[in-house]
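Student: I should like to understand how the terms used for a structure are justified. May we begin with the fold as a whole?

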Amino acid sequence: MSLARIFAIAVRCAAGLSLLWLGTARAEDFFTAQVAPLLESHCLNCHNDATSKGDFSLHTRASAMAEGYIEPGDADNSHLIELVTPLDGSAAMPQDAPPLSVDQIATLKKWIDDGAVWPEGLSLQEPHVEDFDWWSYQPIVRPPVPQPPASPSPQTSPPNWVRTPIDAFILQKLMQKGLSPSPEADRRTLIRRLSFDLTGLPPTPEQVAAFVSDPDSQAYEHLVDRLLASKHYGEHWARHWLDVAKYADTCGYDKDRLRPNAWPYRDYVIRSFNNDKPYTRFVQEQIAGDVLFPGEPDGILGLGFIAAGPWDFIGHVEVPESKIDGKVARNLDRDDMVAGTFNTFCSLTVQCARCHHHKFDPITQPQYYGLQAVFAAVDRAERVYDTDPQTEARRRELESQLQQARQELAALDKEIATAGGTQLAELQTQLAELDQQLKVRKEAEFGYHSQIAAEADTPKWVEVQLHQVTDISRVVLHPCHDDFADIGAGFGFPVRFRVEVSRDGESWQPIADHTSADVPNPGLRPFEISDVNVTGDRIRVTATRLAERKNDYILALAEIEVFEVLGPGDGDAAPPVNLAGNATVAALDSIEAPPRWRRDNLTDGQWARLAIDETKTELVDILQRRDAIATERDTILKAINTPQRVRRREAAQAAFKQAQQSLAALPQGKVVYAAATHFPRQGNFIATEGKPRTVHILNRGNVQQPEEVATPGAIPLGNGEQWTFAADLPEQQRRAALATWLTNSQHPLLWRSIVNRVWQYHFGTGIVSTPNDFGRMGATPTHPQLLDWLATEFRDNGQSFKSLHRMIVTSSVYRQASTFNPAAAEVDGSNQYYWRMNRRRLTAEEIRDSILMTSGALDTKMGGPGYYLFKLEQTAHSPHYEYHKFDPADPASHRRSIYRFIARSQPNPWMTVLDCADSSQSTPKRNETLTALQALSLLNSRFNLTMSERFAKRLESEQSTLPKQVRRAVSLLVQRELEADQQQQLVAYAQDHGLPNLCRMLFNLSEFVYVD
């Protein structure tokens, strides 16, 4: 072959290789530019190396090609294309999100048909939105109020329709859409609307008559002021707030334990609305009131907000924090606090960033876990609050002294451990290993426990009455074991005591006297009294010096055994029989807290034992070795414990004890279930005492995959904005910093969120129809300028809810009739531009309260613990709320519905049918359904039957004839006069079926349960 020929072939091969390389490069560019962003934004959330839903991950080429979802070069036979292509109307991937467009599916097909090229080493990453160019993040600027048209048309702008700036904004939008407002509603409709919107109760017939006939041009405004001044205003508007805050009187989850002291937070919210508390103060009290307003009861009561949601009893109390389930429970608990705070005050779904960067809003995982770090020391527990500021100040001072004493004792322990070096550490390790071999096993019945005494020398006695008079040879006292205050073995065993026997209960013969010197704690070793040889049927143990429990003193014994004198040869026949088994027990006093503590436990044959058989010589060897090692350790400690250290320890212990005694002597105050850092231990639920837990950023939200430690902070509200707090900020100051950040006058979310909520409760839908989500997945405002005007007006003029209500309800847009207009509905079927008023059904609480009020049963007493609408059955696992056993005639239950005791796991069936809020989740807007069950409940429930009879008796007591009774019934129910034919029909019905049955039917009137 010639050189020219070889050269020509080489050139062609090089050109081919160049084209091949160029094609691969273009394919990689196509993947990077078009395919990768598509997969990252639509698929990677579920199909990643951590979650791998459907056993399919798109993180890397290796994982993407591993399961056969992609057939390079053949898109039609690739399962991925099948999944993203809707067939026969069926849903396609991605799940719970809009389907891919035709063009996006075509992009995936082209990529696969061209060989599914994936650049070497490229891993896909979930996208993070860093763009703050969204309406809710923009600064709030007070817009100018639109000017009404110079020459209004009666068809589009009725004369004098613009009463308030609100009307000007609404009218401008209506005119832009070619719509016009509806006429004003009649006065009867207006007073019903106002009464329900502001107080949740119907007006009386007399109030309606007075308002309808009032000639005063300011009659409407006076009515508004009267309703806002009513105590019922706070009760009604607190219900809206508690819906969002997830308030209930039980913990939820499977055990759903009671929260008997949750109600003070509910009363705090009612009082705050009635007192028209400025919103900044209201918010700050609920996040950090104990820090920002020390010594004031509302500063602690407001913290019920953080604790209002559900709480996992098992995950906190029964599972230690070191276990996976315990970590999960605490992670979810902090998530609930973070989500509750930001859903409520900012209308942001920050919780979406728990597993990954927020897909739609500029919130990262570090920012989300920074918020968790703010609440890292907080738990939900009972918390004392005082009405006396001086008492609260003294309590804080004493708690500080306790903390200082603890720190001094811890510092001493650290000094001693350091001075002891490796030898002391080794001895401690050996002791710990031996202690593991001395583990305790015990039943639920611990033993007998006396009442608590304040002084050690308080005499206590307990005795066993045998079944018959017996010759007693031996008595055995078994010590208790309890984990209380880490006392452990020998819990409550008397320090000084005597044991006596009697056969008549009057004269006692001592068989053991240890009243002159302290008896060492026996641990779990049985305390035996041998060679007794006394006849009797009673054995009494009298303690003359009690064992210390924790700043108080008790007597406790697990079991008393009694054995008789054996005759010759009896010992070989059978083991000795305990004559005290199931014998009667008497005592000076007893704590009686079954199953653990009660008198009968002293003779039930149950007591704490070591895992090793006490009779084996191995136990003796272990105990001897332990005693020898402990003696050697104590010798070292004695040498290390210099007189100076001894004095320091004694001083710290004395200061600790003095502070505890002084705390105990303070007035106990009241208790609220709220955010807390100091509370008594409950199983594995241990207070942080203000020390924040270390919060890690979790890969995919998995507690088993912790990454770097989170820095406490808020979230940025703009590019480059500082959002972190100081990493070493104390617990209380973290919450204070968050509360201050939330209530900044320039905060764009806080002020828009709250005025939108108030608007929604008046009109049925908000200016933003997603009140808990102002992010990109939420709705945009229909009237953005009105929203900002309301936000600035509310913020800059005292933050008064009552002023905001007054401004809204005195507007013309609020006073419109709800009459339907087909032509307007063609343009705006959902009435988002407010061309008429929305008709609404009353909430479950409003219906129940109206029934009580109309029937004459309503008790308007305010505040206090919630009343039950069920019979409570306590069980070992969880309470049972038996609604079917409750008597609805019980007058204690005839108070307003806001004061009822709310159980999460078993909500009231009658209220639930009427779309009552689910207290396990934030409910910014109630559902409004129409079902047959609602009518059946209003006809046949025991509550309605009882109230129908009560209503009939009221009518009979107020009116003498049936026609008058019928007219009065309708007047009380719907505040209007009956037409002649209606009266005739209702009277006839009452004659045929009785007045109570007529009342049942009237409670079902659409006019009764709806307000125009």
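Tutor: Residues 24 or more positions apart account for 73% of the contacts in the chain with a separation of 6 or more, a contact meaning heavy atoms within 4.5 Å. This is a predicted model, in which local features need pLDDT of at least 70 and side-chain atom pairs count only at pLDDT 80 or more, while totals for chains, interfaces and linings use all residues. Residues are numbered from 1 along each chain as its sequence is written, and side-chain values use heavy atoms, with hydrogens and water left out.

Student: What percentage of the chain do buried residues make up?

Tutor: Of the 1012 residues, 51% are buried, that is, under 20% relative accessible area with a 1.4 Å probe and protein chains only.

Student: Why is α10 called a helix?

Tutor: A helix is a DSSP run of H or I with at least four residues. Helix α10, residues 263–274, has 12 residues, so it satisfies that length requirement.

Student: How does the span of α10 stand against the expected one?

Tutor: The expected span is 1.5 Å times one less than the number of residues. From first C-alpha to last, α10 reaches 17 Å, close to the 16 Å expected.

Student: What makes α10 mostly covered?

Tutor: In α10, 10 of the 12 residues are buried, among them Tyr265, Arg266 and Phe273. The buried residues of α10 pack against several elements, including α9 (231–245), β1 (379–385) and α23 (801–809).

Student: What follows just after α10?

Tutor: There, aspartate 276 takes a positive phi of about 55°.

Definitions and conventions: Helix = DSSP H or I, 4+ residues; strand = E, 2+ residues; numbered from the N terminus. Buried < 20%, exposed > 50% of the residue type's maximum accessible area, 1.4 Å probe, protein only.
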